[in-house]
Amino acid sequence: RVAGTVGVMTLPVLGFDGLQNFTEQMQEETITAAMSLGVAFQLTNILRDIGEDARRGRIYVPLEDLRRFGITEEEVLQASQSTGLLYHEDRWRDFMEFQ
């Protein structure tokens with residue numbers, strides 16, 4: 001919900017004005033889309049920060065998703081301390097695409 005709120009807060013910036021001649025359905029659809037945008041922002045932020053978070057001993061991506069692509073928590077933590085580990089592997093690219 002919090003991430004969706006960020007998207008709703010962008011509505012005025014994106015040009016949404018509920019006082020204009022929008023139907024109630026259009027308003028609801030626009031707000032739903034904005035909430036999805038907020039979630040997308042949050043997920044992008046989590047993915048962008050995987051290395052930084054791992055250097056702090058934290059992993060915020062779902063462990064079941066890592067396991068799905070054959071990646072362990074230890075590999076993510078180790079890769080955050082070294083250049084090139086995981087980054088060039090197909091399973092990492094596949095994981096990131098999945099996300």
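1. Buried means under 20% relative accessible area, and serine 80, with a relative accessible area of 10%, is therefore buried. The model in which this holds is a predicted one. Serine 80 lies in the loop between α6 and α7, and, leaving aside neighbours within four places in sequence, serine 80 is in contact with Gly51, Ala54 and Arg55. One of these partners, Ala54, also belongs to the largest nonpolar core, which is the subject of the next point.

2. The largest nonpolar core has 12 residues in all, namely Leu47, Ile50, Ala54, Val61, Leu66, Phe69, Ile71, Val76, Ala79, Leu86, Trp92 and Phe95. Three helices each supply at least two residues of this core: α4, covering residues 50-55, α6, covering 73-79, and α7, covering 90-98. As general background, nonpolar side chains in soluble globular proteins tend to be buried together.

3. Phenylalanine 95 is a useful member of the core to inspect in the 3D view, and its place is in helix α7. Its relative accessible area is 0%, so phenylalanine 95 counts as buried. Apart from neighbours within four places in sequence, phenylalanine 95 is in contact with Ile50, Val61, Asp65, Leu66, Phe69 and Ile71; of these partners, Ile50, Val61, Leu66, Phe69 and Ile71 are listed in the core as well. For a sense of scale, phenylalanine 95 and leucine 14 are 81 residues apart in sequence, and their C-alpha atoms are 31 Å apart in space.

4. Leucine 86, another residue of the core, deserves a look at its backbone, since leucine 86 has a positive phi of about 70° although it is not a glycine. Most residues other than glycine have a negative phi. Leucine 86 lies in the loop between α6 and α7, and at 5% relative accessibility it counts as buried, because the limit for that word is under 20%. Not counting residues up to four places away in sequence, leucine 86 touches Ile71, Glu75, Val76, Ala79, Arg91 and Trp92, and among these partners are Glu75 and Arg91, which are linked with Glu89 in a network of salt bridges.

5. That network can be followed pair by pair. Arginine 91 forms a salt bridge with glutamate 75, the closest N and O atoms being 2.5 Å apart. This pair links distant parts of the chain, with arginine 91 in helix α7 and glutamate 75 in helix α6, 16 residues apart. Arginine 91 also forms a salt bridge with glutamate 89, and here the closest N and O atoms are 2.6 Å apart. The participants count as partly exposed: arginine 91 at 22% relative accessibility, glutamate 75 at 21% and glutamate 89 at 31%.

6. A search of the whole structure finds five salt bridges, and one of them joins the side chains of aspartate 49 and arginine 48, at 3.1 Å from N to O. The partners fall into separate classes of accessibility, since aspartate 49, at 16%, counts as buried, whereas arginine 48, with a relative accessible area of 60%, is exposed. In general terms, side chains of opposite charge can pair when their charged atoms come close.

7. Which span should the 25 residues of helix α3, residues 24-48, have at 1.5 Å a residue? The expected value is 36 Å, because the span is 1.5 Å times one less than the number of residues, and the end C-alpha atoms of α3 are 36 Å apart, which agrees. The buried residues of α3 are Ala34, Gly38 and Leu47, and they pack against α1 (2-9), α2 (11-14), α4 and α7. Leu47 is also part of the largest nonpolar core.

8. Helix α3 also contains methionine 35, which at 35% relative accessibility counts as partly exposed. Together with Val8 and Ile31, Met35 forms a nonpolar patch on the surface, and the three have about 200 Å² of accessible area together.

9. Finally, is threonine 10, in the loop between α1 and α2, buried or exposed? With a relative accessible area of 18%, threonine 10 is buried, since this value is under the 20% limit. Leaving aside its neighbours within four places in sequence, threonine 10 is in contact with Leu37 and Phe41.

Note on methods. Residues are numbered from 1 along each chain as its sequence is written. This is a predicted model: local features need pLDDT of at least 70, side-chain atom pairs count only at pLDDT 80 or more; totals for chains, interfaces and linings use all residues. Side-chain values use heavy atoms; hydrogens and water are left out. A nonpolar core is a set of buried Ala, Val, Leu, Ile, Met, Phe, Trp, Tyr and Cys residues joined through side-chain atoms within 4.5 Å. Buried means under 20% relative accessible area, exposed over 50%, partly exposed in between (1.4 Å probe, protein chains only). Helices (H or I, at least four residues) and strands (E, at least two) are DSSP runs, numbered from the N terminus. Contact means heavy atoms within 4.5 Å. Patches are made of residues with over 30% relative accessible area and no salt bridge: like charges are joined within 9 Å, nonpolar side chains (Val, Leu, Ile, Met, Phe, Trp, Tyr) within 5 Å. Accessible areas come from the Shrake-Rupley method with a 1.4 Å probe; for residues, only the protein chains shown count as cover. A salt bridge is a side-chain nitrogen of Lys or Arg within 4 Å of a carboxyl oxygen of Asp or Glu.
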